[in-house]
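Work through the exercises below with the sequence and the 3D view open. Try each task before reading its solution.

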Amino acid sequence: QIDDASRGAGSAAFVQALVQLHLVQVLRRVHDDLREVIPVQIGAPEMGRMAAVVRKVQAHPERPWTVASLAREVGYSRSSFAAKFKACTGLAPIHFVTRTRMVNAVALLERQAELPLWDVARRVGYDTQGTFTRAFKQQFGVSPRVYGQRLSARSASPS
């Protein structure tokens, strides 16, 4: 219709540009609709792989994760994985693992205050209570025991 109505210098180029613009708009709408179903950005296939690693670490923080083992999960070399993971998440892989473990530790301390610290350490991926305590203190500035005591004091005091 537009092609028939426009018969002048540059009309073919104008129609072609208009069709391309319309196509881009349609593709953007399709991409926006699919983004909710498939959370991967067009042009960034590594995002899907990194999301898979994030889900595995969050589901199994107790596993003895290393950069090499995480890289194997998605088929990258150790160095390539580390660079891509940091580019996607803003964190080095091991820092992400540590942060995930600490978040799980805090949740355990809040839900099950009676758990011994060695059990909390084991459940979130630490072989020894001492290693867990050092990592916790580095992350939060207090030991897990002091953190637990503060939680107990807060829940015992009237609001």
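The exercises cover salt bridges, one helix contact, one residue and the nonpolar cores.

The model is predicted, so local features need pLDDT of at least 70 and side-chain atom pairs count only at pLDDT 80 or more, while totals for chains, interfaces and linings use all residues. Residues are numbered from 1 along each chain as its sequence is written, and side-chain values use heavy atoms, with hydrogens and water left out.

**Exercise 1. Find the partner of Lys56 in a salt bridge and state where the two residues lie.**

Step 1. A salt bridge is a side-chain nitrogen of Lys or Arg within 4 Å of a carboxyl oxygen of Asp or Glu. Side chains of opposite charge can pair when their charged atoms come close.

Step 2. The partner is Glu73, and the closest N and O atoms are 2.6 Å apart.

Step 3. Helices are DSSP runs (H or I, at least four residues) numbered from the N terminus. Lys56 belongs to helix H3 (residues 45-59) and Glu73 to helix H4 (residues 67-74), so the salt bridge ties together parts that are 17 residues apart in sequence.

Step 4. Relative accessible area (1.4 Å probe, protein chains only) sorts residues into buried, under 20%, exposed, over 50%, and partly exposed, in between. Lys56 is partly exposed at 36%, and Glu73 is partly exposed at 35%.

**Exercise 2. The whole structure has three salt bridges. Describe the network that links Asp119, Arg122 and Arg123.**

Step 1. Asp119 pairs with Arg122, with the closest N and O atoms 2.4 Å apart. Both residues lie in helix H7 (residues 117-123), three residues apart, about one turn of the helix.

Step 2. Asp119 also forms a salt bridge with Arg123, where the closest N and O atoms are 3.4 Å apart. These two residues of H7 are four residues apart, again about one turn of the helix.

Step 3. Asp119 is buried, with a relative accessible area of 8%. Arg122 is partly exposed at 47%, and Arg123 is partly exposed at 34%.

**Exercise 3. Determine how H4 and helix H5 (residues 78-89) pack, and place Val74 in this contact.**

Step 1. The two helices pack at an angle of about 85 degrees, and their axes are 9 Å apart. Axes are lines fitted to C-alpha atoms, for helices over the stretch in contact, and angles run from 0 to 180 degrees between N-to-C directions.

Step 2. Angles of 65 to 115 degrees count as roughly perpendicular, under 35 as roughly parallel, over 145 as roughly antiparallel and the rest as oblique. H4 and H5 are therefore roughly perpendicular.

Step 3. Contact means heavy atoms within 4.5 Å. From H4, Val67, Ala68, Leu70, Ala71 and Val74 take part, and from H5, Arg78, Phe81 and Ala82.

Step 4. Val74 is buried, with a relative accessible area of 12%. Leaving aside neighbours within four places in sequence, Val74 is in contact with Arg49, Met50, Val53 and Phe81.

**Exercise 4. Identify the residues that touch the most other members of the largest nonpolar core, and the helix that gives the most to this core.**

Step 1. A nonpolar core is a set of buried Ala, Val, Leu, Ile, Met, Phe, Trp, Tyr and Cys residues joined through side-chain atoms within 4.5 Å.

Step 2. The largest core has 17 residues, and Leu109, Val120, Tyr126, Phe132, Phe136 and Tyr147 touch the most other members.

Step 3. H6 (93-111), H7, H8 (129-140) and H9 (144-156) each supply at least two residues of this core. H6 gives the most, with five residues.
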